[in-house]
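Me: I'd like to go through how the labels on this one are earned. Can we take them one at a time?

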Amino acid sequence: MTGHVDVWLVPIRPRPEWLGLLDDAERARAARLAATPAGDVFTASRALQRLWGAAAVGVPPPEVVIDRSCEHCGDPGHGRPRLAGAPAFSVSHTGRWLLLAVAGAGLIGADIEDRAAAADPEGLAGVVLSAGEHREFSAADPAERPARLLTAWTRKEAAMKLAGLGLAAAPARVDVRGPLARSDVPGWPREPVHLRSLTVPGGQVAALATTVPVRVVHRRDLAGLEAPATAGGRRTGRTGTRQTAGYPIWVASTHVRATPRVRISSA
């Protein structure tokens, strides 16, 4: 079985118009972070998840209830993103870009990094690379090492997000040299974890990890999620979508039924 992935890549900038999509706790946190780069990232990330969640299941964004429970330890503060009744998704960001990736089937993890994150490739390599990866890194031309390290890191983090472990899994115990991510950490998925590089704007590096091999990646338009509400109406959208209360419902290979309340568990 092969699948597809839908990707939204959104520039990070002040988006005060998105504050109304957040819940009270999120707006309070956004206010504390106001006028800082972290505030712009936080607002964009939470709002984009709500926009997609609303489109996926047919409720207004403010009615999407966000949860962060961990499937491994039960902690409410972290966990692999999941939206009941919709495909798996993953979110990542740098200071300049926000990435949302949605799997047509199976589980997914995504990561995007700025090339500036590899300012000390030699030091980071000793912490995040497996023994085999480190041997190859050390044998590479010094000019190639920062790119090698960052490519490995994005693949590792995407795989660890898919597993729902995040940095609880020691990166050096995750090997990403081939088309599959391999690890012996407790809780690692039984299914193969497939890796794929993702083309993103200059200065950024990104990767996807999926339990279903990805045949094609679709770049999606943010405007499709920001469609204004139509008061009291239902109407049919483009082929493959429908709209409830003016919000387009994304329909992948698994069909999604609108529900009155939705809970997201999100990293």
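**Salt bridges and strands**

Reply: Sure. Arg 46 and Glu 26 join their side chains in a salt bridge, with N to O at 3.2 Å. Keep in mind that this is a predicted model, where local features need pLDDT of at least 70, side-chain atom pairs count only at pLDDT 80 or more, and totals for chains, interfaces and linings use all residues. Residues are numbered from 1 along each chain as its sequence is written, and side-chain values use heavy atoms, with hydrogens and water left out.

Me: Why is the contact of Arg 46 and Glu 26 called a salt bridge?

Reply: The term asks for a side-chain nitrogen of Lys or Arg within 4 Å of a carboxyl oxygen of Asp or Glu. The Arg 46 and Glu 26 pair has 3.2 Å from N to O, so the label fits.

Me: What makes that pair a tie between separate parts of the chain?

Reply: Arg 46 sits in helix α2 (residues 37-57) and Glu 26 in helix α1 (residues 24-32), so the parts tied together are 20 residues apart in sequence. Helices here are DSSP runs of H or I with at least four residues, strands are runs of E with at least two, and both are numbered from the N terminus.

Me: Which other salt bridge does Glu 26 form?

Reply: One is with Arg 50, where the closest N and O atoms are 3.0 Å apart. That pair also links α2 to α1, 24 residues apart.

Me: How do you know whether Arg 145 is buried or exposed?

Reply: Buried means under 20% relative accessible area, exposed means over 50%, and partly exposed is in between (1.4 Å probe, protein chains only). Arg 145 has 15% relative accessibility, so Arg 145 counts as buried.

Me: And what is Glu 122 called?

Reply: Glu 122 comes out at 45% relative accessible area, so the label is partly exposed. The side chains of Glu 122 and Arg 145 meet in a salt bridge too, at 3.0 Å from N to O.

Me: How do you know that β1 and β5 pair?

Reply: Two strands pair if DSSP finds at least two bridges between them. Seven bridges join β1 (residues 3-11) to β5 (residues 97-103), so the strands pair, and they run antiparallel. One of the partners is Trp 8, matched with Leu 100 in β5.

Me: What makes β4 and β11 edge strands?

Reply: The open sheet has four strands in the order β4-β5-β1-β11, with mixed pairing. β4 (89-93) and β11 (214-219) each pair on one side only.
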